[in-house]
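Got a new structure in front of you and wondering what the labels on it really rest on? Let's take some of them one by one.

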Amino acid sequence: MEMVLIKYVAPLLIAGSLAAVFTAMPGVQPASPDELAEVAVGYIKAKQESFGKDALREALAKEPGNHRANYVAGMLALQEERFPEAASHLKAAYEAKPDDRDALLSYGVACQRLNDYGAARAAYEAVRKAEPNNAKAAYNLGMLAIETLQYSVAKGCLEDYLRLQPDAPDKAFVSGKLNELSALLKKRKAV
Amino acid sequence: MKFLEFLGKGLDGLIGVVLLVLLLVPPLHLQVTVLETYKVPQEFLIVTIGWVFIGLVALARSLAGQPLWSGGSKSWARWGTIGFCAWLWISSALGYSSALPWQFAMTVTTYLMIGQSILDWTEARLGRRNLVLAGLTLLVGCQVALSLAEYFRVPFSTWAKTVPTFTQSTGSIPYGWWLHDICYVLGFPSDQGALVGTLGNVNYLAEFLALLLPVLVTWAISLKSKLGKVALGLVLVPAFLVLVATGTRAALLGLMLSGLLAAGLVWGWSKVDLRRWWADSKGKGGILASAIVLVALSAVTGGTLLQKLSRGVDGNIQGRLMIWKNALDLWAAHPFSGAGLGGFRVLNVAELERHFSTGLPSILALVRFGQVHNDPLQALVELGVVGFSLLLVVAVAWWREVCKNESLTPVQRFGHLWAMGALLVASCFGFPFHIPVTALAVVVVFALGLASEREATASVPVIWRPAYALVACGLIAVMGVQAVQKDVWPLFQAHRYGFVAGQLKDQSRYKEAEVVYDLAFRHNRFKGAEAYYVLSTLVDQQKYDEVLKRYDEMAKVGIGTEGNYWKARALYATGKTVDAVNTYNYIIRYFGEQDDNAKRSKRRLAEIAEDLLKQKDKNGLKLVVKKQLEPAKPQP
């Protein structure tokens, strides 16, 4: 009986002890959601979007409301024209960090592309209110106003845009739009 | 009962296949960082496949009603190994503390358990030894074929360009998983005509061959089949020529010394009395003929050995003497318990920094001398007197037990002793026990030397066997999963994060690069992270003080020439011209013309000289010019 114990139970005890030591051994502290979001940025920059998405999924599984992960996921979705997903991530990013105007502005873009003009306008206006000199918000609000046929609002916003960013790369395009708007408004007055 | 027998037979076949995969796949698996083949992913594969093998052997034994890990019972070498394994963990706990020693201890424990499982499996049927030896022969054959292809400059690099890139630039998985990478890696030494196989360095290949050739040659001699002998000869003769052509003095010295000692142990000391040989005309002729054959072979195979011997005490030997002295000093500071696994690298740097106020020799310490280049001494430094003594017990007991092993023919006994002795001598000048492929071969030879007909008969009642198997395999599965999760996976992740950090840096996203770099560094301090990412990032941002601060932090765990290059840039930018010039010159001296950072350093020195000329700084200029004229780097 003693021999059986030594032969058969002792190896199990040794294995059990080793398993306990291995389990108790300190593991590497896993990546935080913020770090995973930066990893995702790296992959996206390296044009490895699928790995970037894996990292974002892992980050959001760990902390669904994480600002950085939601922002990066939202921007990626926006880039890939997955607008509902983009809107939900960017909204979550903005809610996690209310002073993140970039997230709010991009949320507005996603809403605009989903034809939710009310939400988009609210987002752009909130950004303009917080940052009166935000050229992007002026531009987006102007384009939204064109889309909703509010030509005078559009004209004012686009003029603001050129005032805030006199060397804008799309200056010629915006100036063309302003000329078209002026002509339309004149026609409208004449009518 | 019949079902269990049937299951056992199926398992035996599967174990054989897994063992062949374990012996062949990791060593032939390549990675892009050619000069650091002892890093991921070979180790990744050895540990992962190793646990599958350990688990299957345990399951087969449990179902056959045999106790776990009882192969080699009553062997003092085996008890010594168990004691050594236990001490590894204790010493790591007492030594320099970080996550690394624990990971390292897990790896070593895995290797030892692979050895025990091979012993269990071969003792159950001794004929299985032939399968293991055949696997090793195949492995040697592949390495020799690849080495010769590299030597004759087969255009692997050109082929790499024709194969589509799949993994090399993705960073999704460690390098070396795709044909492009394999061609790329093999193309690197073939550009220089180097004999390295997949081991990445001539010395690693020579040590590997010095271990396996004696075992395989003596196996070939004891084979009855003539066809088998011829087939083995076709592999082993070119392998021996490759070994001579590497010109590795330590491995060849090991083979000669160990051959004499092993012959003395097996056939009696009177047979190897060199004075008697010399006194006899035939013996004298034999000795002279052997020397002439060796010289002729060396000349025929490129003359590397003769060149090395003609240099006498060269930079390689001087460097080793310096590091051994440091190692002894470090051992004196922790004589009993040692510095813990991996502790040498950390402490050695600190010690050198203390001796050299400029901190410059850390280039030597970190890159060339991250290892002691003397494995027994490294065992003494890292595991203390206790660990070293346990290793001695294991070595002596193994030699005694192999000498008495009735299941081996005298020639085979001689082959095992010769092999292990040769590696032991070679390890006094290198670090073969730290190279995963060679370390795996060591545990295989160790196990084969002990395997004999002493297997206990099955005695667990049939009804209890499934329950015993369940408990045993459950415990082993927990160990395997933990080892992969805590040891291997972090290395794998570190590689991925290192790639991402580089991408971010290339996109000038410095802030994000730093976050990801730190993540890589945390996952594996020595192996995964490339320390220079963050330094170059900071230099780009002109945060020079931060560079120097970070460098000191990183130097404690390892940094390469690139790190030193960025440090030099920061030193120069902060007005420490002398230190900067010294650092550049150390890079050039110790890493030579081939190193990219040495080339960059040369260009920077020229730029500094121009700056100093403009500033009319004669003393500074003298320093640059003088340092540029310093002798070239010692040969690696």
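Two residues are in contact here when heavy atoms of theirs lie within 4.5 Å. Keep in mind that this is a predicted model.

Q: How many residues does each chain bring to the contact between chain A and chain B?
A: By that 4.5 Å cut-off, chain A brings 33 residues and chain B brings 44 residues.

Q: What makes up the area buried between chain A and chain B?
A: Together they bury about 3,300 Å², and 74% of that is on carbon and sulfur atoms. On chain A's side, A:Tyr8, A:Phe22 and A:Met25 supply 23% of the area buried against chain B, more than any other three residues.

Q: Why is the pair B:Glu512 and A:Arg68 called a salt bridge?
A: The label asks for a side-chain nitrogen of Lys or Arg within 4 Å of a carboxyl oxygen of Asp or Glu. In this pair the closest N and O atoms are 3.5 Å apart, so the salt bridge label fits. The rule finds one salt bridge across this interface.

Q: How many residue pairs are in polar contact between the two chains, and which elements of chain A give two or more residues to the side that touches chain B?
A: There are six residue pairs in polar contact, counting those with both residues at pLDDT 80 or more. The elements are helix H1 (2-24) and helix H2 (33-45) of chain A. H1(A) gives the largest share, 13 residues. By type, that side of chain A splits into 21 nonpolar, seven polar and five charged residues.

Q: How do you know that the length of helix H8 (residues 135-147) of chain A fits a helix?
A: At 1.5 Å a residue, its 13 residues should span 18 Å; the end C-alpha atoms are 18 Å apart, so the two agree.

Q: What makes H8(A) mostly covered, and what covers it?
A: Buried means under 20% relative accessible area, and 10 of the 13 residues in H8(A) are buried. Among them are A:Tyr139, A:Leu141 and A:Met143. The cover includes helices H6 (101-113), H7 (117-130), H9 (151-164) and H10 (171-190) of chain A.

Q: What sits at the start of H8(A), and what follows the helix?
A: At the start, a side-chain oxygen of A:Asn134 reaches to within 3.1 Å of the backbone nitrogen of A:Lys136. Afterwards comes A:Leu149, with a positive phi near 65 degrees.

Q: How many helices and strands does chain B have?
A: Chain B has 27 helices and zero strands, and 56% of its 636 residues count as buried.

Definitions and conventions: Residues numbered from 1 in each chain as written. Chains lettered and ligands numbered in written order. Predicted model: local features only at pLDDT ≥ 70, side-chain atom pairs only at ≥ 80, totals over all residues. Heavy atoms only, no water. Helix = DSSP H or I, 4+ residues; strand = E, 2+ residues; numbered from the N terminus. Expected span 1.5 Å × (residues − 1). Buried < 20%, exposed > 50% of the residue type's maximum accessible area, 1.4 Å probe, protein only. Polar contact = N/O pair within 3.5 Å; in protein donor to acceptor, adjacent residues only side chain to side chain. Buried area = accessible area lost by both parts, 1.4 Å probe. Nonpolar A, V, L, I, M, F, W, Y, C, P; charged D, E, K, R; others polar.
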